[in-house]
Amino acid sequence: MSKAKPGSYWLMKSEPDAYSIDDLERDGKTFWDGIRNYQARNFIRDEMKVGDRVLYYHSNAKPPGVVGVAEVVSEAYPDPTQFDPDSKYYDPKSPQDDPRWLLVDIAFVGRFDEIVSLNQLKEDPALDGMLVIRRGQRLSVQPVEVQHYAHVLEMAGYDGD
DNA sequence: GCCAACGTTGGC
DNA sequence: GCCAACGTTGGC
């Protein structure tokens with residue numbers, strides 16, 4: 001199954017205490033390790049492509065919200081932390097020859113001048129149906145519709161790309 | 001810190 | 001294959 005669609009858009013959550021947009025800006029690029037949810041893994045494995053754009057979302061933050069933009073810069077490949085007994089992401093049940101968990105590399109693209117908070121997202125009718133504003137939505141990697149992506153950038157006054 | 005929502009595990 | 005128990009996420 002190959003879909004000839006242009007780029008896809010995503011929202012990826014990170015707790016700023018663990019890895020914030022500042023960390024990503026400093027590093028330029030990072031391994032998005034620690035995905036341990038099958039639905040998120042499937043998006044990464046089946047649908048993410050190099051060049052896809054990502055809304056960078058701070059969860060467990062005050063306030064939570066979108067703080068910038070990142071870009072997918074690798075294909076999916078096995079997450080090495082699943083085989084590392086010292087890692088908190090260690091998964092002893094993942095077979096070495098058929099790794100259960102994958103990751104992609106993410107690069108910094110830009111930062112918003114100000115956070116676009118979850119509240120703002122919820123209050124804007126143009127974003128009706130966006131997954132992140134759905135109650136109880138815990139998925140840390142989620143698809144975003146192109147018009148929602150564009151609208152969030154607009155809300156941020158971001159014209160970096 | 002609380003707790004609702006939801007995913008995963010394991011007994012049966 | 002059901003479902004209760006448990007663990008985690010993440011807003012508040």
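**Two DNA strands and a sheet**

Visitor: How far is a polar side-chain atom of R135 from a phosphate oxygen of DNA strand B?

Guide: Please keep in mind that this is a predicted model. The pair qualifies as a polar contact, which is a pair of N or O atoms within 3.5 Å. Between the side chain of R135 and the phosphate oxygen of DNA strand B, the distance is 2.3 Å.

Visitor: What kind of model is this?

Guide: Residues are numbered from 1 along each chain as its sequence is written, while chains are lettered from A and ligands numbered from 1 in the order in which they are written. Side-chain values use heavy atoms, with hydrogens and water left out; local features need pLDDT of at least 70, side-chain atom pairs count only at pLDDT 80 or more, and totals for chains, interfaces and linings use all residues, this being a predicted model.

Visitor: Which residue has a polar side-chain atom 2.6 Å from a base oxygen of DNA strand B?

Guide: Let's start with the surroundings: DNA strand B has Y38, K93, R135, G136 and R138 around it, where a residue counts as near if one of its heavy atoms lies within 4 Å. R135 reaches a phosphate oxygen. The residue whose polar side-chain atom lies 2.6 Å from a base oxygen is R138.

Visitor: What share of the atoms of DNA strand C within 4 Å of the protein belongs to sugar or phosphate?

Guide: For DNA strand B, that share is 75%, with the rest in bases. Around DNA strand C we find K13, Y57, S59, N60, P64, L118, K122 and R138. Of the atoms of DNA strand C within 4 Å of the protein, bases hold the rest, and the sugar or phosphate share is 71%.

Visitor: Which residue uses a polar backbone atom 3.0 Å from a phosphate oxygen of DNA strand C?

Guide: Side chains take part here too: an N or O atom in the side chain of K13 is 2.9 Å from a phosphate oxygen of this strand. For Y57, a polar side-chain atom lies 2.7 Å from a phosphate oxygen. The backbone atom at 3.0 Å belongs to N60.

Visitor: Is the phi of N60 positive or negative?

Guide: You can find N60 in the loop between strand 3 and strand 4. This residue is not a glycine, yet its phi, about 50 degrees, is positive.

Visitor: Is the peptide bond from K62 to P63 cis or trans?

Guide: P63 also sits in the loop between strand 3 (53–58) and strand 4. With omega near -10 degrees, the bond from K62 to P63 is cis.

Visitor: Which strands are the edge strands of the open sheet?

Guide: Strands here are DSSP runs of E, at least two residues long, numbered from the N terminus, and two of them pair if DSSP finds at least two bridges between them. The open sheet has six strands in the order 2-7-4-3-1-8, with mixed pairing. Pairing on one side only, the edge strands are strand 2 and strand 8 (141–144).

Visitor: Which residue in strand 7 stands opposite V72?

Guide: In general, strands of a sheet pair through backbone hydrogen bonds, either parallel or antiparallel. Strand 4 (residues 65–72) and strand 7 (residues 105–117) take the antiparallel sense, over seven bridges. Opposite V72, in strand 7, stands I106.

Conventions
Polar contact = N/O pair within 3.5 Å; in protein donor to acceptor, adjacent residues only side chain to side chain. Helix = DSSP H or I, 4+ residues; strand = E, 2+ residues; numbered from the N terminus.
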